[in-house]
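Me: Please take a close look at the part of this model that was predicted with the most confidence, and then set it against the rest of the chain. A connected account would suit me better than a list.

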Amino acid sequence: MLSVWCERCALEWRLAWRQGWQWCYGAGVYFILAMTTHWLIQGLMPGVWSQVGWAFVWVLACLSLLLTLQTVCLPDAEYEAHALWCVRAAPRWARMFFKYLIIWFFSIFPLGVISIILSWMLAVPWVMSVAFLVSGVLGSWLILGLGLGIAQLSCALRHHSNLLILMTVPLYIPVIFWGAGAIWHHQMGLSAAYEWLMLSGLSVCGVIVFPALMSAAVKIGVDA
């Protein structure tokens with residue numbers, strides 16, 4: 001049984017690896033926009049970047065995660081993966097959880113590397129602060145979980161557009177807000193316990209909720 005699960009996880013890993021251009025795409029947009037924003041603010045209002053730059057970088061990092069969500073699930077519909085997930089012996093929830101975990105890893109790793117590069121190029125050490133990194137880990141888990149559920153549903157219903165994702169954009173605002181609040185409190189030397197608790201609590205709930213949402217979307221796609 002364990003060997004079967006290892007084989008299936010290895011397959012999902014290889015499929016995600018073959019879509020490497022997608023992970024580079026989101027991180028690349030994040031890098032370009034962060035650099036451009038830095039140059040614009042520094043040119044128009046010198047000295048302001050040190051006060052508000054962290055907020056711009058954080059929002060750009062979060063929004064870059066949404067750029068690849070739809071394309072991540074398109075191959076599932078193309079290769080009829082929905083039907084395969086329903087007929088295989090493994091529970092759909094477990095398969096969706098591993099898929100969710102692998103996509104999260106492939107998304108957060110390039111963002112972390114780009115953040116290191118930005119910290120060095122722009123001389124902004126706060127990009128690599130504990131608050132920024134922890135906010136990125138928790139925030140990306142929540143943003144990707146919700147986004148993947150919606151993207152999976154969009155593909156399952158065969159609506160290959162970003163309309164459904166755009167309609168749910170307001171749901172991401174609390175995550176972006178709490179992450180920004182944690183970074184701001186850290187910058188000011190204040191406690192960010194409230195933000196950490198909210199993000200951590202939602203992340204724990206997301207371990208069950210988001211794979212279940214993705215699994216339900218797969219079932220809808222097969223029944224449709």
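Reply:
**The end of helix H9 and its setting**

Glycine 189 follows H9 and has a positive phi, near 80 degrees. (Helices are DSSP runs of H or I with at least four residues, strands are runs of E with at least two, and both are numbered from the N terminus.) The model is a predicted one, in which local features need pLDDT of at least 70 and side-chain atom pairs count only at pLDDT 80 or more, while totals for chains, interfaces and linings use all residues. Residues are numbered from 1 along each chain as its sequence is written, and side-chain values use heavy atoms, with hydrogens and water left out.

Helix H9 covers residues 173-188 and has the highest confidence in the chain, with a mean pLDDT of 86 (the predictor's confidence in each residue, from 0 to 100). The lowest mean, 49, belongs to helix H5, residues 81-87. For the chain the average is 76, and 71% of the residues score at least 70.

The 16 residues of H9 reach 22 Å from the first C-alpha to the last, close to the expected 22 Å (1.5 Å times one less than the number of residues). Its buried residues (under 20% relative accessible area; exposed is over 50%, partly exposed in between, with a 1.4 Å probe and protein chains only) are Val175, Ile176, Trp178, Gly179, Ala180, Gly181, Ala182, Ile183 and His185. In the chain, 47% of the 224 residues are buried.

H9 belongs to a chain with ten helices and zero strands. Helix H3, residues 49-65, offers a parallel account: its 17 residues reach 23 Å, close to the 24 Å expected. Trp49, Gly53, Trp54, Val57, Trp58, Leu60, Ala61, Cys62, Ser64 and Leu65 are the buried residues of H3. Cysteine 62 counts as buried because its relative accessibility is 3%, whereas cysteine 205, at 46%, counts as partly exposed. A search of the whole structure finds zero disulfides (pairs of cysteine sulfur atoms within 2.5 Å).

Helix H6, with 30 residues, reaches 44 Å from its first C-alpha to its last, close to the 44 Å expected. As with H9, a residue of positive phi follows H6: alanine 123, near 55 degrees. Tryptophan 120 lies in H6, residues 92-121, and counts as exposed because its relative accessible area is 69%. Tryptophan 120 also joins Phe105, Phe109, Val113, Ile117 and Met121 in a nonpolar surface patch with about 630 Å² of accessible area together. (Areas come from the Shrake-Rupley method with a 1.4 Å probe, and for residues only the protein chains shown count as cover.) Such patches take residues with over 30% relative accessible area and no salt bridge, joining like charges within 9 Å and nonpolar side chains (Val, Leu, Ile, Met, Phe, Trp, Tyr) within 5 Å; a salt bridge is a side-chain nitrogen of Lys or Arg within 4 Å of a carboxyl oxygen of Asp or Glu.

Helix H10, residues 193-223, contains isoleucine 208. That isoleucine 208 is exposed follows from its relative accessible area of 56%. Its C-alpha is separated by 8.3 Å from that of phenylalanine 97, although the two are 111 residues apart along the chain. Phenylalanine 98, placed in H6, is partly exposed at 29%. Phenylalanine 98 and proline 211 are 8.7 Å apart, C-alpha to C-alpha, across 113 residues of sequence.
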